[in-house]
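Work through the following exercises with the model open beside the text, and attempt each task before reading its solution.

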There are 4 protein chains.
Amino acid sequence: MIGYGFMGRAHSNAFRKVGNFFDLKYQPVLQAACGRDEAKVKAFAERWGYQSYETNWRKLIARDDIDVIDICAPNDMHPKMAIAAAEAGKMILCEKPLARNGAEGEKMVQAVQKAGVPNMVWYNYRRVPAVTLAYNLIQEGRLGRVFHYRAKFLQDWTISPDLPQGGAALWRLDAKVAGSGVTGDLLAHCIDTAIWLNGPIDKVCAMTETFIKQRKHNLTGKVQRVGIDDACAFLARFKNGSLATFESTRYARGHKALYTFEINGEHASIAWDLHDLHRLEYFDHRDEGKIRGWRSIHVTDHGGDHPYMDKWWVPGLQIGYEHSFVHQVADFINSLDTDQPAQPTFRDALETQYVCDAVLQSAKTGKWEKVKHVK
Amino acid sequence: MIGYGFMGRAHSNAFRKVGNFFDLKYQPVLQAACGRDEAKVKAFAERWGYQSYETNWRKLIARDDIDVIDICAPNDMHPKMAIAAAEAGKMILCEKPLARNGAEGEKMVQAVQKAGVPNMVWYNYRRVPAVTLAYNLIQEGRLGRVFHYRAKFLQDWTISPDLPQGGAALWRLDAKVAGSGVTGDLLAHCIDTAIWLNGPIDKVCAMTETFIKQRKHNLTGKVQRVGIDDACAFLARFKNGSLATFESTRYARGHKALYTFEINGEHASIAWDLHDLHRLEYFDHRDEGKIRGWRSIHVTDHGGDHPYMDKWWVPGLQIGYEHSFVHQVADFINSLDTDQPAQPTFRDALETQYVCDAVLQSAKTGKWEKVKHVK
Amino acid sequence: MIGYGFMGRAHSNAFRKVGNFFDLKYQPVLQAACGRDEAKVKAFAERWGYQSYETNWRKLIARDDIDVIDICAPNDMHPKMAIAAAEAGKMILCEKPLARNGAEGEKMVQAVQKAGVPNMVWYNYRRVPAVTLAYNLIQEGRLGRVFHYRAKFLQDWTISPDLPQGGAALWRLDAKVAGSGVTGDLLAHCIDTAIWLNGPIDKVCAMTETFIKQRKHNLTGKVQRVGIDDACAFLARFKNGSLATFESTRYARGHKALYTFEINGEHASIAWDLHDLHRLEYFDHRDEGKIRGWRSIHVTDHGGDHPYMDKWWVPGLQIGYEHSFVHQVADFINSLDTDQPAQPTFRDALETQYVCDAVLQSAKTGKWEKVKHVK
Amino acid sequence: MIGYGFMGRAHSNAFRKVGNFFDLKYQPVLQAACGRDEAKVKAFAERWGYQSYETNWRKLIARDDIDVIDICAPNDMHPKMAIAAAEAGKMILCEKPLARNGAEGEKMVQAVQKAGVPNMVWYNYRRVPAVTLAYNLIQEGRLGRVFHYRAKFLQDWTISPDLPQGGAALWRLDAKVAGSGVTGDLLAHCIDTAIWLNGPIDKVCAMTETFIKQRKHNLTGKVQRVGIDDACAFLARFKNGSLATFESTRYARGHKALYTFEINGEHASIAWDLHDLHRLEYFDHRDEGKIRGWRSIHVTDHGGDHPYMDKWWVPGLQIGYEHSFVHQVADFINSLDTDQPAQPTFRDALETQYVCDAVLQSAKTGKWEKVKHVK
């Protein structure tokens, strides 16, 4: 485990509890945690039961007693860490987004492909049971031809002009480290789900905005130009002919982490939101007219009906955010020794990176931009 | 039309517009309005297009040019007006509740039966399209055996101790005039719907409370004991074996007119509330497991699917409270010359009165009370 | 009244009932209805209480006993009818959109300005009490600086490829008559509200789609190319610096008339939707942290708190779609003899037309287009 | 840990993860699991990391290396296990309900009081952050005088007549083992919360029903009379003068575990439900009239605003059912060495037992029954 922040905790929790709930081929062992601040990484390792710690990630990767490297460091560190880990023959789990841009991502994909190591990116929302259920319904062809896709990811945590940028927990506000603002942080989630549910995106037309132009930078102590996008919205056309709108912002009062998507098909529509992640809204026009309506599915049932839920409690009792990570670990472990790699791989995540690239490019050019695809 | 208050307006509006939207056998003609205060009744008649007015209801009833008497006077006036109108051979529409108690109601039923005149009580919520749809679904047997019924009618308008009781618009707070408090005013609605949807009630066990014991009486100008029930809750057993809870209050902060009911059957459940009266919630356990959920039916569709709605606008555009009265007028007019009287008749409404009597009696005795039934 | 379709009914209902509920300077008199089909217009006139009827609109406009012309004919008829009515010195109410495009609209604005006649366009959603309340809250400065605006208008009634285009009730599907598809029909509503609530739009970038390329035309009987846009989405930048997304379609399963908007300001956010039009959602970040949340305001209160609602029933009892027209008539009549014309005037509606023009142009060019403004 | 069923898992999960998220005085060590079936208890111990296992609970209690006994066995075992554990000087955590009835509960209370050992009952819903927030708001006096309390716990899992009763996972359906049906299982939760939030209950009037009279018993293999209550509803009066309705059933289609409560006070009202446990609904009449509405509080904020939530993820990301147990363990551990025992103690839970006794008695007598109180 490299990193001991928010994601370091979320992943550690998943590693620790997955074996209690899922039948696994292999049990994860928390061998070592790694971070630059020795006091902090030591405390982290103790709290979460890691058997050792390192302050140099290259040393961690060099260790023989470690099979899997989990990268929870800031985005700019992903390529070098992932490439080194691949070269060392380690399996790699990498926090999303894959990288700051497609060019970096390509190198990472090449590295894992060359090394032939299992790899996966933590686009965890695919494993929210309601989202997986949406995927299953689509795979069964219930929607028919798809006309519309729309997704938003709304937050409100950077509205205050007093919030500094950069450094430690605020690296997501530093364009050099993060690569971009909401595009790579939030829209990347929306895009990953969208491609998974609705196929490749052909072209996009975007606008971005930085509402607060200057903020104090925590590392330099100076007031500096803000390089990230505070908000980004784009139009898109999918390969399947459907139209889409995507939007993300950190300036939407009233929304802490409101990731929502809706898909409208010829026969049925699906909607979901992260603030009530245990529910899926489903409308089927083939229902009898007088009792046709949006169904609010409380995704907590057992018996194979609702993905993953038979592993948890009893019907009606909801799970939360953290469980999506547990599911992802379970799927990753159980994919080993099979020829079906757990999704999304680095390669899958590179597709998302290309869409982000096109979005940011379009915001600059003011034109529609074609999306590059992984060969 | 006797009375020019809230209900006088609601009914007049219904009479005026029903012909614009419904195909009717007969067109209502607003012949005369009647009220004690000449200035007020004259203004009311002019505003609503009544061709004349009276200040003495006995004179109104005596007029030859009038076929239907609509009673919107306070509850204590219902029996004498209805009986006189029946004796004069008029058709009678009476605002709910039928009377202050069952004994009064019995005399009214006898009078209309003896006179053989069409009669109806304005339990208007039966004609909210979503409620009529609920009735239709139940009639089709979709629920199977019914286990539970629960209804509430919550308001918050009498919490202030400064509110006086009695007189004019406040007659509902005067036990002598109204007969009771929330039981006759609000629970009567709940009971009428419940009997319609779920059949006769066998026995009840109730509690009532008057939270503010004394209020200034507007007619006497003195602070007097409050005679009405501010709140009433009761348990009930229906003849079909289902269990019920009913509750009403004018002391529930946050609810202006929240009439809700829910019915749980062996196969399906139904729920509705007056604050969003254009929606019906429906759950059918026979739905396929993975897409089973409460359906929020936006009751605005045409094509025979949603009762009454083809008369109004286009799908998706909601109607409101007042339309339930229009529907009731249409049904009443179109029931004439048929052998199917429009529901609920005085006789139907007497059943509700008997339940109210048993409820109030039980609140006094602290025991379960059997409900009397119309022979 | 010219036209006896859906809008002819909605307006007639408003004229008939406005005086029952509102105190007016002048009472509307239903003098004449006009339509080409004599049998139909006669029946319409009788049903709605029009005192006469005409089959030639020029004759109607020529009549001396008529003060106001209400245009509910298809869009392509708006300019010539409005210009003729203005020249005859009539007050004019015109159904939305003002015209098929800005050029036509300009001529109409010139005509009414030259004639000096009161004029108004039926963008009725401004007068839904919840929407007027939103306007009032914004006018009071509660939102602070606005960052985001988003609006959608989703329907699903043209998904079937068997639906023909053009003729009678289907003229909205005929590009020559309607001018455009969802852009002029649905987005025009969204744009009108947006400009009213959030000020002028500077530039837009749009995409449109016609999912079903050919349909039988009802007038020719032949299968022909479909000229209208079935769906349209666009990005926009407002003059006040806020970013917007707009979307409309008739291919969104599960939505009959789901017009929604949301505005995110520095301090507060507002959201509304037409399927539950009697509610306004409001979030205020200045609320105390532990009880901060989206407030679902049931816009039915009296006492000046909720616009228009003191004219109707009692708190808690909702009104519906039709009432927005009643409010608009009341506002129009009461604006006469004042120097505050009722909104939106032809001039206001021309602004919306210019946005529609830019949207359709951008969908063709694939570029951002500047919006023209009324001088 | 005695028991390895649903609750054995829920508690074990809490013990395992509490130290990762909370700062604790003491760390729980999973010393031993105990169950009658050796193969099962062994597998359970291995899966959850218990260092040993026992098949005889008396041996477990006799062990010197164990400080705390957690009783997750069926209800009929609670008294003897708890009393033995108390006599052995162990701290005791007991799954709810405390016992099958008040008489048994009294002996348990006496035992722990005599032994002076810390003790707690797992009424976990108190520690759902939204429920704790409700408690805090009430403690701050925000509601004013309370008029109404209503609670329901609705399930639908026993509707099928083919479901057997008794034995293993179905012991809740066996009156001898469970003591009662929904009263002790579900209403006990509602009553515990109610007393905590609204104070002591004075008297109750109840009805119960067993819809399916006979079921096959899994232990005897015979079709036998069903002894438990399938449904129970009761009216209640609290000591503070408020009126209440309570209802529970396992025959409510559409509800898996819908525990809901609502409290109406003079100034404000609160509502919550278990199917969306991360939200609290709050209405404050003191809010400005035009923006007054029910607030949907997404209880995920940090900064001390929302109980327990600063220990978990970031604002907007919800937790689920299992976290209530983690919170209870944290509170228990941190209460040690203080003079504030963690709530609810055996003594607190005995109050709930007395209410259950009065409810079941009233269902038999058909009369109001006074509730006994702990001296």
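The exercises below concern a predicted model, and each is followed by a worked solution.

**Exercise 1.** Determine the strand order and the sense of pairing in the sheet that E3, E4 and E5 of chain D form, and state which strands stand at the edges.

Solution. Begin with the order, which is E3-E4-E5 in chain D, an open sheet of three strands with parallel pairing. Strand E3 (68–71) and strand E5 (119–121) of chain D each have a single partner strand, so one side of each is left without a neighbour in the sheet, and these are the edges. From one strand to the next, the twist averages 10°. Turning to one pair, strand E4 (residues 91–94) of chain D is joined to E5(D) over three bridges in the parallel sense, and Cys94(D) stands opposite Val121(D) of E5(D). Finally, place the helix: H4 (residues 78–87) of chain D lies across E3 and E4 of chain D, and runs at about 165° to E4(D).

**Exercise 2.** Describe how helices H4 and H5 of chain A are arranged relative to each other, and which residues make the contact.

Solution. Two packed helices are described by the angle between their axes and by the distance between those axes. For H4 (residues 78–87) and H5 (residues 102–115) of chain A, the axes come within 8 Å and cross at roughly 10°. Angles under 35 degrees count as roughly parallel, and H4(A) and H5(A) are therefore roughly parallel to each other. The residues that H4(A) brings to the contact include Ala82(A), Ile83(A) and Ala86(A), while among those of H5(A) are Met108(A), Ala111(A) and Val112(A). Sorted by class, this contact has eight nonpolar, one polar and three charged residues.

**Exercise 3.** Which residues of helix H4 of chain B are buried, and what covers them?

Solution. In H4 (residues 78–87) of chain B, the buried residues are His78(B), Pro79(B), Met81(B), Ala82(B), Ala85(B) and Ala86(B). Their cover includes helix H3 (57–62), strand E3 (68–71), strand E4 (91–94) and helix H5 (102–115) of chain B. Following the chain just past H4(B), one finds Gly89(B) with a positive phi of about 75°.

**Exercise 4.** Characterise the side of chain B that touches chain A, and identify the strand that gives the most to it.

Solution. Count first: 16 residues of chain B are in contact with 16 residues of chain A. Strand E15 (residues 294–298) of chain B gives the most to its side, with five residues. By class, that side of chain B has five nonpolar, six polar and five charged residues. Strand E15 (residues 294–298) of chain A pairs with E15(B) in the antiparallel sense over three bridges, and Trp294(A) has Ser296(B) as its bridge partner in E15(B).

Note on methods:
Residues are numbered from 1 along each chain as its sequence is written. Chains are lettered from A and ligands numbered from 1 in the order in which they are written. This is a predicted model: local features need pLDDT of at least 70, side-chain atom pairs count only at pLDDT 80 or more; totals for chains, interfaces and linings use all residues. Two strands pair if DSSP finds at least two bridges between them. Helices (H or I, at least four residues) and strands (E, at least two) are DSSP runs, numbered from the N terminus. Axes are lines fitted to C-alpha atoms, for helices over the stretch in contact, and angles run from 0 to 180 degrees between N-to-C directions. Two residues are in contact if their C-beta atoms, placed from the backbone, lie within 7 Å. Angles under 35 degrees count as roughly parallel, over 145 as roughly antiparallel, 65 to 115 as roughly perpendicular and the rest as oblique. Ala, Val, Leu, Ile, Met, Phe, Trp, Tyr, Cys and Pro count as nonpolar, Asp, Glu, Lys and Arg as charged, and the others, Gly among them, as polar. A residue is buried if 20 or more other C-beta atoms lie within 10 Å of its own, exposed if 12 or fewer, and partly exposed in between; C-beta atoms are placed from the backbone.
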